[in-house]
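This briefing takes up the pockets of a predicted model and then one patch on its surface. Please keep the sequence and the 3D view at hand while reading.

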Amino acid sequence: MFNQNHSHLAARREQISRIVVTAQQMRNIEERIFTKGMPVAALMEKVAGLITRRIIELYPLSQVSRIGILVGPGHNGGDALVVARELHFQGYQVAVCSPFSKLKDLTSQHAQYVKILEIPVHESLEPLAECDLFIDGLFGFGLERSLSSPVDQIVNQLNEWSQPVVSIDLPSGLHTDTGEALGTAVQATHTFCLGLWKLGLLQDQALDYVGAAELIDFDLPLTDIQAILEAPKIQRITPQSAIATLPLKRSPVTHKYKQGHLLLICGSRRYTGGAILTGLGARASGVGMLSIAVPESIKPLLSAQLPEALIIGCPETESGAIAQLQLPEKTDLSSFDAIACGPGLTVDAKPILQEVLDSDRPLVLDADGLNILAQMGTTQTLQHRQASTVLTPHAGEFKRLFPDTVDPTKDRIAAVRAATEQSGAVVLLKGARTAIAQADCVWVNPESTPALARGGSGDVLTGLLGGLIAQATSKDIPLVEIVASAAWWHSQAGILAADERTEMGVDAFTLTKYLMFVVSRFS
């Protein structure tokens, strides 16, 4: 019975860790549990107790003695006041900054009790200047307007002091859904997200404020969460969800053609490295057969780097781009399980793109494949392809492909949703928090590293992704989940490499060497 309960709890935690909500969805979930009878005061005590325990673990009394608590007018401020009380009971020197004259009833009651305990309460931040640590409980989820005086001044002063700051739920000043700083926002060292992951914490523009984010799970019932959440759903990629999709186990009687045959179309005389890096990414995917179509002049270079691959030399233009595909005898595009096209191709290879778009094979487009597609202005026609398409743009490529949609630098989730609706493709929008969308589902990769901001790292992802898709064509796995797993695998390799070599030391070629270490580490 114990093992069953433990397994059930582990499964629940994994499910909860994937869920991402908007501010309105969180309001609806909380309203649902309060309507059912959960006392607000009881929930506040539970949440604050979990926060207090975590603060003590991170900042033990032996290292931190003076803690400043910033208190807002709502229940986020109430949480902070309960934390103040509990830290006081644990022996910390606690002082409160509460710049608001009016507080919600429950928050006001906690404020009165804090005063009875003779915990100092101030309207300004200056009396807390000697504190070693600050707890930000000014505002939680749902903030939609810029911070006004004197709160904005308090936040700016706090940021200037550069002391560690723990924000409750979200750094005060961030928009819950877009992650935008509303005028100014707290630059937190840690953010304890309460109950469920808030969408804004997974947006690129929030990352300068969030610090190390972790979820404080206070046991929201899954039935109440599922009753509120409707498509399109947003999910975080977790190691468990990613690994579950990877083709790690094989039948003992399999052969190479049962493990997928991928065709890469990439490279040019000018960009030889794009073809090599894409091929190395595909190699790491474990794909059974790898064919790479390149201009004839660079075929020897590819053969030297990837001796196991079938290198197909193609006629080339004067500029050194592929002029036309020249596949082996008795072979056409339908011979492959998947095609990946674009890295190093150059826009001179426009006829090649049209040929692969007309094929009936799953297709990954990246780099110049996307640039040519943008020139053609045919993203909407992708809906009429006989097979699925995956687009992997960075923000600049995205704007060229989808000029009339949401700005991806402002709201990545809204942008990727709009793009997949317009194109019918699976869209992977690269960034510090890569977002992947298809139909009614969005996946967000919650971890990455600036080490991947190097030329060629995207080529590695293209090969890796193409290889995984080629292996999955006979399996009943949603394509968006395969793409999400590839994005996670790629970023984890970057994180692992950066840990060992620093962020400066991770070039794209080095990145390929860490891909298999990720699988062995998590599987």
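**Pockets and a surface patch**

Helix α3 supplies 4 residues to the lining of the largest pocket, and this is the largest share of that lining. The model is a predicted one, and the points below are grouped by pocket and then by patch.

Largest pocket

- The largest pocket has a volume of about 820 Å³, and of the 31 residues that line it, those closest to its centre are G74, H75, N76, G140 and F141.
- The elements that each give two or more residues to the lining of the largest pocket are α2 (23-35), α3 (40-58) and α4 (75-89).
- When the lining of the largest pocket is divided by class, there are 16 nonpolar residues, 8 polar ones and 7 charged ones.

Second largest pocket

- For the second largest pocket the volume is about 670 Å³, and among the 29 residues of its lining, G431, S448, L452, A453 and S457 are the closest to the centre.
- At least two residues of the lining of the second largest pocket come from each of α16 (457-472) and α17 (479-501).
- The lining of the second largest pocket consists of 10 nonpolar, 12 polar and 7 charged residues.

Nonpolar surface patch

- F89, Y113 and I116 together make a nonpolar patch of about 330 Å² on the surface.
- Y113, one of the residues of this patch, lies in helix α5, which covers residues 105-116.
- The relative accessible area of Y113 is 37%, so Y113 counts as partly exposed.

Key:
Residues are numbered from 1 along each chain as its sequence is written. This is a predicted model: local features need pLDDT of at least 70, side-chain atom pairs count only at pLDDT 80 or more; totals for chains, interfaces and linings use all residues. Side-chain values use heavy atoms; hydrogens and water are left out. Patches are made of residues with over 30% relative accessible area and no salt bridge: like charges are joined within 9 Å, nonpolar side chains (Val, Leu, Ile, Met, Phe, Trp, Tyr) within 5 Å. Accessible areas come from the Shrake-Rupley method with a 1.4 Å probe; for residues, only the protein chains shown count as cover. A salt bridge is a side-chain nitrogen of Lys or Arg within 4 Å of a carboxyl oxygen of Asp or Glu. Buried means under 20% relative accessible area, exposed over 50%, partly exposed in between (1.4 Å probe, protein chains only). On a 1 Å grid over the protein atoms alone, a cavity is a set of points where a 1.4 Å probe fits but cannot get out, and a pocket is an open set with protein on both sides within 12 Å along at least five of seven lines; lining residues have an atom within 4 Å of a point. Grid points are joined across faces, edges and corners, and a volume is the space filled by probe spheres set on the points. Ala, Val, Leu, Ile, Met, Phe, Trp, Tyr, Cys and Pro count as nonpolar, Asp, Glu, Lys and Arg as charged, and the others, Gly among them, as polar.
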